[in-house]
Amino acid sequence: LSLSFCVFLSLYLSIYLSFPLSLTHLFSLSLRLSLSLLVRPDFYMNLSEPQQYGIAQGCRNFYMRTEDNERLGVWHIVPENLTVDGSRLPHTASEYEKSLSSGHPVVVYLHGNVGDRGIWHRVNLYKVLAKMGYHVVAIDYRGYGDSSGSPTNETVVRDALLSWSYVKKHAGRSAVYLWGHSLGSGIAVQTSTRLCKQGVCPSRLVLEAPFTCVEDAVVTHPLSIPYRYLLHFNIVKQFFLTNWSVQFNSLASIEGVSSPTLIVHGDQDQIIGFDQGKALYERLKAVHARNGKEDVLFVHAEGHDHRSLYRFPSLPSTLSKFFSGQLS
């Protein structure tokens with residue numbers, strides 16, 4: 001054998017054998033990113049001062065304690081008509097809590113992976129909802145924003161349940177809806193499933209840019225493009241998904257959701273593919289149809305991406321129709 005061939009063979013075998021190790025690290029990183037804190041674009045801003053994020057008034061920042069004594073940061077944004085009428089604007093903690101029972105619907109918002117409750121596109125969505133006359137209660141799961149602790153699959157769901165319980169405690173007869181975006185859609189599905197098992201389903205569920213399962217979300221994420229066609233990719237993917245026991249399989253869990261559900265997905269979404277939202281819709285629609293219900297709606301947000309759905313022109317009218325039970 002020639003020297004050049006031996007060198008080539010050695011390099012080839014080194015690369016071939018190193019792929020599993022490289023891909024192991026890739027998927028370790030990718031799965032950690034599904035509950036990560038690596039992107040903190042507002043590091044120098046103070047979440048305890050919502051006005052820094054463009055919410056001039058009508059927003060209370062406060063903190064809830066979990067059973068294991070972690071601190072969760074929360075914003076409560078009141079409906080816009082309460083801020084216009086200064087005499088009705090709450091000022092104290094008790095006034096904010098009392099306002100939840102004013103008859104205005106309440107949206108419990110569960111955000112996605114990147115950043116915290118103050119990210120620009122989330123704030124813009126809060127404003128859309130407040131303008132429509134809804135309260136918004138948005139939490140940061142443990143480890144996100146100014147919340148303490150570290151997130152896991154189980155604890156973020158517990159954090160969502162805690163925020164839900166807080167709102168229900170103060171909402172009286174006001175309708176309470178659950179909203180999950182991106183990673184938050186997986187948390188919202190898990191939360192809804194648990195509530196439905198207890199016989200207290202959310203009156204409405206909104207899934208914005210949802211994924212079918214973490215496997216699909218990781219494989220189709222832009223960060224995986226350089227790796228997905230390599231020889232060992234599927235082997236390492238299955239190994240890690242099995243050993244990490246990832247719980248966010250919304251395609252399976254959504255069968256336990258009995259609430260009327262709205263799924264909104266943009267066809268320009270490069271983070272979570274449009275087909276994943278469509279697949280969730282088809283699955284839940286079929287489940288509800290077997291029970292004689294037609295209360296699952298899918299909205300194709302043409303021309304919109306993962307973070308621009310708040311700008312979808314038909315969103316306010318669609319939400320009003322959905323929340324009032326006028327599905328079509």
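The largest nonpolar core of this predicted model has 41 residues, and those with the most contacts inside it are Leu-110, Val-167, Ile-187 and Phe-248. A nonpolar core is a set of buried Ala, Val, Leu, Ile, Met, Phe, Trp, Tyr and Cys residues joined through side-chain atoms within 4.5 Å; buried means under 20% relative accessible area, exposed over 50%, and partly exposed in between (1.4 Å probe, protein chains only). Helix H5 (residues 153-171) gives the most to this core, with eight residues. Helices (H or I, at least four residues) and strands (E, at least two) are DSSP runs, numbered from the N terminus. Apart from this core lies another, of 32 residues, among them Ile-77, Tyr-126, Leu-129 and Val-264. In soluble globular proteins, nonpolar side chains tend to be buried together.

Residues are numbered from 1 along each chain as its sequence is written. Local features need pLDDT of at least 70 and side-chain atom pairs count only at pLDDT 80 or more, while totals for chains, interfaces and linings use all residues; side-chain values use heavy atoms, with hydrogens and water left out.

Eight strands form an open sheet with mixed pairing, in the order S1-S2-S4-S3-S5-S6-S7-S8. Two strands pair if DSSP finds at least two bridges between them. At the edges are strand S1 (59-65) and strand S8 (296-301), each of which pairs on one side only. The pairings around S3 and S4 are set out below.

| Strand pair | Sense | Bridges | Facing residues |
|---|---|---|---|
| S2 (residues 71-77) and S4 | antiparallel | four | His-76 and Val-137 in S4 |
| S3 (residues 106-110) and S4 | parallel | five | Val-106 and His-135 in S4 |
| S3 and S5 (residues 176-181) | parallel | five | Leu-110 and Gly-180 in S5 |

Strand S4 is largely enclosed by the rest of the structure, because five of its five residues are buried. His-135, Val-137 and Ile-139 point one way from S4, whereas Val-136 and Ala-138 point the other way. In a regular strand the side chains alternate between the two faces of the sheet.

Val-137 is also touched by Val-167, which reaches Val-106, Val-108 and Val-176 as well, not counting residues up to four places away in sequence; contact means heavy atoms within 4.5 Å.

The loop between S4 (135-139) and H5 holds Asp-146. This residue counts as buried because its relative accessibility is 19%. Leaving aside neighbours within four places in sequence, Asp-146 is in contact with Leu-47, Ser-48, Tyr-63, Arg-71, Gly-73, Arg-117 and Asp-140.
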